[in-house]
Amino acid sequence: MLRQIRGFLLLGTIVSSLIAAAIGIHGAISYPDAPIRETAEGYRGKAGKVRTRAEYEAFRRWEHRMLIAFPVAFGFGFSFAFVDHRVRRKAS
């Protein structure tokens, strides 16, 4: 039973880590001047580049995806490590 759970957690770790990495790379390419903030003159990145409202909203969606994807990947990873340790300890 633990071996099946271990396999599921390994798959979840790999898939969620790849998704989190893809989201992170997408953000690094799309928003090199992050964070984008709302100012009195409109929307600006850290470097002062003017951004549109649509870009700002896309940036906020990307931030929310990051806040979901990375904890999920860490959760799968730590769960896998815990179960893997128990399986190995049980085998020896």
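Start with Phe 76, which is partly exposed at 23% relative accessible area. Keep in mind throughout that this is a predicted model.

**Stop 1: an aromatic pair between two helices**

Keep Phe 76 selected and add Phe 8. A search of the whole structure finds six aromatic pairs. Phe 8 and Phe 76 form one of them, in an edge-to-face arrangement. Their centres are 6.1 Å apart, and the planes meet at 65°. Now colour by helix. Phe 8 sits in helix H1, while Phe 76 sits in helix H2, residues 53-91. The two are 68 residues apart, so this pair links distant parts of the chain. Phe 8 is exposed, with a relative accessible area of 54%.

**Stop 2: a pair within H2**

Select Phe 59 and Trp 62. Their rings form a tilted aromatic pair, 5.7 Å centre to centre with 35° between the planes. Both residues belong to helix H2. They are three residues apart, which means about one helical turn separates them. Is Phe 59 buried or exposed? Phe 59 is buried, at 2% relative accessibility. Trp 62 is at 13% relative accessibility; the cut-off for buried is under 20%, so Trp 62 also counts as buried. Add Tyr 31 to the selection. Tyr 31, Phe 59 and Trp 62 make one aromatic cluster.

**Stop 3: the largest nonpolar core**

Widen the selection around that cluster. The largest nonpolar core has eleven residues in all. Tyr 31, Phe 59 and Trp 62 are among them. Pick out Ala 20, Ile 23, Ile 36 and Tyr 43 as well. Then add Tyr 56, Ala 58, Ala 69 and Ala 73 to complete the set. Which elements give two or more residues to this core? They are H1 and H2. H2 supplies the largest share, six residues.

Centre on Ile 23 and show its contacts. Leaving out residues up to four places away in sequence, Ile 23 touches Trp 62, Arg 65, Met 66 and Ala 69.

**Stop 4: a nonpolar patch on the surface**

Switch to a surface view. Select Leu 10, Ile 14 and Leu 18. Together they make a nonpolar surface patch of about 280 Å². Ile 14 lies in helix H1, residues 2-30. Ile 14 is partly exposed, with a relative accessible area of 44%.

**Stop 5: salt bridges**

Side chains of opposite charge can pair when their charged atoms come close. The structure holds seven salt bridges. Three are worth a visit here.

Select Arg 51 and Asp 33. Their side chains meet in a salt bridge, at 2.6 Å from N to O. Arg 51 is in strand E3, residues 50-51. Asp 33 is in the loop between H1 and strand E1. This pair links distant parts of the chain, 18 residues apart. Both Arg 51 and Asp 33 are buried.

Next, select Arg 44 and Glu 41. They form a salt bridge, with the closest N and O atoms 3.8 Å apart. Arg 44 is partly exposed, at 28% relative accessible area. Glu 41 counts as exposed, at 61% relative accessibility.

Now move to H2 and select Asp 84 and Arg 88. The closest N and O atoms of this salt bridge are 2.9 Å apart. Both residues lie in helix H2, four residues apart, or about one turn of the helix. Asp 84 counts as buried at 11% relative accessibility. Arg 88 is exposed, with a relative accessible area of 54%. Add Arg 6. Arg 6, Asp 84 and Arg 88 are linked in a network of salt bridges.

**Stop 6: a cis peptide bond**

Most peptide bonds are trans. Select Ala 34 and Pro 35. The peptide bond from Ala 34 to Pro 35 is cis, with omega near 5°. Pro 35 lies in the loop between H1 and E1.

**Last stop: Arg 37**

Select Arg 37, in strand E1. Arg 37 is exposed, with a relative accessible area of 53%. Which residues does Arg 37 touch, not counting residues up to four places away in sequence? They are Gly 42, Tyr 43, Arg 44 and Tyr 56. Finally, draw a distance to Ala 22. The C-alpha atoms of Arg 37 and Ala 22 are separated by 23 Å, and the residues are 15 apart along the chain.

Key
Residues numbered from 1 in each chain as written. Predicted model: local features only at pLDDT ≥ 70, side-chain atom pairs only at ≥ 80, totals over all residues. Heavy atoms only, no water. Patch = residues over 30% accessible without salt bridge, like charges linked within 9 Å, V, L, I, M, F, W, Y side chains within 5 Å. Areas by Shrake-Rupley, 256 points an atom, 1.4 Å probe, with all protein chains shown as cover. Salt bridge = Lys/Arg side-chain N within 4 Å of Asp/Glu carboxyl O. Buried < 20%, exposed > 50% of the residue type's maximum accessible area, 1.4 Å probe, protein only. Phe/Tyr/Trp six-rings, centres within 6.5 Å; stacked < 30°, edge-to-face > 60°. Core = buried A, V, L, I, M, F, W, Y, C linked by side-chain atoms within 4.5 Å. Contact = heavy atoms within 4.5 Å.
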